[in-house]
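Colleague: Please take me through this assembly one question at a time, and spell out each term where it comes up.

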Amino acid sequence: MIVFASALTFFFVNLAPGGPASIMRFDVSPEQREALIRLMGLDRPVPQRYIEWLAGALHGDLGTSLLTNEPVTGRIADRLPNTLTLAGSALLISIVLGIPIGVVQAVRRGKPIDHLLSLVSAIGLSVPVFWLGIVLILVFAVSLHVLPSAGVTSVSSDTFGDRLAHLVLPAIALATTILPTVARFTRSSMIEVLHEDYVRTATSKGLRPRTVMMRHALRNALIPVVSAIGALVPRLIGGTVVTEAVFGWPGMGRLALEAAQGRDYPLVTGLTVVVAAIAVVATLLVDLAYTRIDPRLRLA
Amino acid sequence: MLFQVRHPFAIPALVIVGALLVSACTGAAQPGSSTSPSAQGAPVAGGTVTIPIGADPTLNPWSPNAFVESLFINRAIFEGLTKPGKDLAPAPDLAESWNTAADGLSWTFKLRSGVKWSDGNAFSADDVAFTFNDIVLKPDLGAQNRASYAAVKSVTVVDPNTVRFDLSRKFAALPSFLAYNSGILPKHILSSNPLTTASFNKGVPVSTGPFKVEKYTSGQSVSLVRNDNYFGPKPYLEKVVFTVVPDPNTQIAQALAGDVTIMILDNKAAVDRVKTANGLAVVSRPLVQYYWLALNQTDTRFTDVRVRQAFVHAIDRQAIIKSVESGYGSIANSPITPALAAYYDPSLASKYPYDQAKAKDLLAQAGWTPGPDGVLQKNGQPFKFTMDVGQRGVLEPVNALIQQDLKKVGVIAELNTMEWNAYIQKDVVRREYTATVNWWTYPSDPDVFPYYHSSAAGKGFNIPGYQDPKLDDLLVQGQSASDLDARKAVYKQLQAYTSETLPYLFLWYPQEIDVISTSLNGVPELGLRDAMHYLGEWWLAKK
Amino acid sequence: MNRLGFAALIVLATVAAFAVAGPVLWTIPPEATDAIHGLAGPSSVHPLGTDELGRDMLSRLLHGSRVTLLVGLAAMLAAIVIGVLVGAVAGFKGGWIDGALMRFTDAMLAVPAFFFILVVITVLGTGVGTLILVIGALSWMPVARVVYGETLRWKTAEFVVAAESLGVAGPRLLLRHILPQAIPSLIVSATLGVAFAILTESALSYLGLGVQPPLPSWGNMLQRAQLYVFTAPALAIYPGLAITIVVLAFNFLGDGLRDALDPRRRR
């Protein structure tokens, strides 16, 4: 499947109008342009270039970036940890905040707090991420001076705390794309579970409500939530493109944008392969988490 | 406050965007005014300067992948034979002096002695010969900027401290061109692979300037430290850090938060906000750059000079400068910019006032008369065409303004906005366009041969494809004139002639807005990218 | 339907009325510039003020609403068409077709769509039609799943089997008997789909890949307005608010409809 995706991307991106940024400049003369096309090997047919690329890719070599002459694997390896940190933190925020919010809403169903939280999450889901990002920068970086506005670290003080401070705003902005959904799923799943017979039985047996909540209800309520989170991961990764652009976050999303705009064919293809691979791995991880939470699946 | 709430539904918005308002209080400063940081006594050593750039740079002035964001660092670390003087005339850099042969067909440069590369190896004439003979003049490498050296046949090492440029035709502007993105590269490092060595271009290159690269972190920053092998006086600054910040608003946010020492304000709309910030000064600098509207000369409607003149009268260029440049710019009527003070002819500035009646009149003389719907027509054909808009900088709003201005005189221009890369291919490579707006930036010399000569029509930098023997003649005369007075005379004629014939429709000369921390001193009054040649003279006042 | 859903419906009806009638009643053209009077505050001539080129903000918002809603609705329709086709065929035909189609659907669901939108738009350019198709082509999967489920559920129902035994052909059976059962769920998906499409267009606009000027869309208005957040935030507030309100309304409407149409959720 990944090979298929790479072929599709490679042929497709070669169809794009324009060409690598180095030849699509205003101040490049026609003879320079021809020399560069020859140097980059772009005068050869696309299928031949793809087969060569694939041969390398099967040995872990995703080719050489046309924009920087660096290996594509290296460029991606530079950026991948940043994207994973950002997406991972956003996911963490969404789980750590989203699930309790959903539980509170379920328990206090129909009360003002439930309505308020529903409204806030609905707004969170409806605000364009980049707009929220800009507002966050204006509030916390420009007006209040409490958090840095961009980048992963200050050049002068590259400490853990400094990196954490840089992570806060982009992670929050990105989390808004999935947190409301997590909360919503938890709420409805929890409501459903609270109506189940065994919860009522447990309650009527006189177990403390807190124990019932934690031991019985939440555990079962989480099963559909986990699968919902799994389905949200692709959206989260897609969301990094815009978030990284707003916060100058040096991750894969920004790289993808540069690669697409600069027609860096090997880099675009390499990114596609890596992103597809991440999607596959993420799906597997969710399946794994699923089996751990749901004992019935462990038998199967 | 610029924003006032009149509508009840807007109230909830304020909860979300309250911060926007906090930062919206602006002073009503006059555009065009500039405040300079005051001198703060004698220079002191130490300190770090932080400068934001838009993307990862390529640390090699001749690499075709060295885009505009690379210029800052390349001009700071690599030195050319000459550099732009503080008056933009060529000043000594790696060369101490130069002169041209009596026939004008060669230039000889005397190099500075005792210069070392940052790795300790000696610099010599061989490096200069290598840079030109083995990089720039090699057609297969496609080196950036090589078109500027079309007249150079080869570079000969006369002795270890002397090089001679042999020319195929006279080239009076050579010393100026050598000051423009023409840094000399180390032969001992790059002889096998001069333009695509990633450990150099994207790592730690070997250079001769006062600073050298300490560390390159992709997507984040490039830091420079003093080059202990530098031949000149020890620079004051301890360190210079270039941070990669793609979003211009984020750059501004960082400046407002005090995280930036100096930067180019790409988003000129924010200038009033920046002016109110404590500890920041805003200055304007002239640029060797002009915006133009190219009308494809293969379209017979545009070969009539009256049509071109009418368009210039029809376009409210002052309004463009006001709205897209926040007032930082002046009206252009020739390719020679005010930054080239020795050559610029200010008397042409008022040649084409904004005058719709005059425009209609000229168009009528050219046979274009209003049809029933108000649209001009000739032989039953309406005056309609498409303008391609490249998606970059201010081009989109400028085109929107021009479209409306032309509409007022009965000319219909449809806008076709395109992604930059695709736009270049269509309009520049293939020349499949009717009209388009863009800009030229060129070396600090009035030799504009490549952009106007008929030999470049249809394929080179002569975008409109305008061909005119008289203009060709002036361009060649300019390259041949040896002394300054003779050149001035030729280029005065050239300005008058181009402003009359309008090979391109000249729009405006932009100015650069620089935001400078008030503690930073010693920055010459040049565009920031040019000021990078003087990084060794910058210093930070102690707080 | 709950009160919130009903309120959302009213909001959307109002926005739709503005989009349809607004540009007819408010006749200042959205592209008419007046650069000398740029960034003006609200006045009787320009109730919402002007943008940086002196263009009337109200007119641009009204015309932008047409473009934005068109992209949202059309992309949703494209997603529905693809999704129904895939889901119904897979559910109805079964066998290897089912396996292949649903596996493809799952694969598409696992893919971070935005990365691919970038590439596809770079290749195909940024026309309104392209945008609609691309957003549609990357958001049909939930629809396919829903339709697939409904098709499986109803294909063995008595009335369907009865119709089949009477000689009703496959496609007709699907269209007449099975798909109508899926309509409630489809309406819910469609409503949420519009919200998604509008947000996607605005995000693409931020990256310069959305609807291209001079055609105004809320997304590209917001993108231009960014340059003025420090000096004229009103330019960003109006389109940002418009997007948020409409997307919010579509989300609430979707929820309301789900509660109203899905008996399992009605408690």
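Colleague: Which residue stands opposite V49(B) in β10(B)?

Modeller: Strand β1 (residues 48-53) of chain B runs parallel to β10(B), and six bridges join the two; strands (E, at least two residues) and helices (H or I, at least four) are DSSP runs numbered from the N terminus, and two strands pair if DSSP finds at least two bridges between them. Within this pairing, the residue of β10(B) that stands opposite V49(B) is V240(B).

Colleague: What kind of model is this, and how is it labelled?

Modeller: Residues are numbered from 1 along each chain as its sequence is written, while chains are lettered from A and ligands numbered from 1 in the order in which they are written. Local features need pLDDT of at least 70 and side-chain atom pairs count only at pLDDT 80 or more, whereas totals for chains, interfaces and linings use all residues, since what you see is a predicted model.

Colleague: In β10(B), which residue is the bridge partner of V225(B)?

Modeller: On this side β10(B) pairs with strand β9 (residues 221-226) of chain B in the antiparallel sense, over five bridges. One of the matched pairs joins L224(B) to V240(B). For V225(B), the bridge partner in β10(B) is K239(B).

Colleague: Which strands stand at the edges of the sheet that holds β10(B)?

Modeller: The sheet is open, has mixed pairing, and its four strands follow the order β1-β10-β9-β8 in chain B. Neighbouring strands are turned by 20 degrees against each other on average, direction ignored (axes are lines fitted to C-alpha atoms, for helices over the stretch in contact, and angles run from 0 to 180 degrees between N-to-C directions). One side of each edge strand is left without a neighbour in the sheet, because each has a single partner strand, and these strands of chain B are β1 and β8 (211-217).

Colleague: How many of the six residues of β10(B) are buried?

Modeller: A residue counts as buried if 20 or more other C-beta atoms, placed from the backbone, lie within 10 Å of its own, as exposed if 12 or fewer do, and as partly exposed in between. Strand β10 (residues 239-244) of chain B is largely enclosed by the rest of the structure, because the number of its six residues that are buried is five.

Colleague: Which helix packs on the sheet of chain B that has the order β4-β5-β7-β6?

Modeller: This open sheet of four strands is antiparallel in its pairing, and β4 (95-100) and β6 (152-159) of chain B stand at its edges, each with a single partner strand. The twist averages 20 degrees from one strand to the next. The helix on this sheet touches β5, β6 and β7 (162-167) of chain B, where contact means C-beta atoms within 7 Å. Its direction makes about 170 degrees with that of β6(B), and it is helix α3 (residues 125-136) of chain B.

Colleague: With which residues is L105(B) in contact, leaving aside its neighbours within four places in sequence?

Modeller: L105(B) lies in the loop between β4 and β5 of chain B, and it is partly exposed, with 16 other C-beta atoms within 10 Å. L105(B) and F165(B) are 60 residues apart in sequence, yet their C-alpha atoms are 8.5 Å apart in space. Once those sequence neighbours are left aside, L105(B) is in contact with L167(B) and K170(B).

Colleague: What is the radius of gyration of chain B?

Modeller: Chain B comes to 17 helices and 23 strands. The globule rule (2.2 Å times the number of residues to the power 0.38) gives 24 Å for its 543 residues. Chain B is as compact as a globular protein of that length, because the radius of gyration, taken over C-alpha atoms, is close to that value, at 25 Å.

Colleague: Which helix gives the most to the side of chain A that touches chain B?

Modeller: The contact takes 45 residues from chain A and 45 residues from chain B. Among the elements that each supply at least two residues on the chain A side are α2 (30-39), α4 (72-107) and α6 (129-143) of chain A. With eight residues, the helix that gives the most is α6(A).

Colleague: How far apart are the end C-alpha atoms of α4(C)?

Modeller: Helix α4 of chain C is mostly covered, since 11 of its 12 residues are buried. Its expected span (1.5 Å times one less than its number of residues) is 16 Å for residues 113-124. The model agrees, because the end C-alpha atoms are apart by 16 Å.

Note on methods. Two residues are in contact if their C-beta atoms, placed from the backbone, lie within 7 Å.
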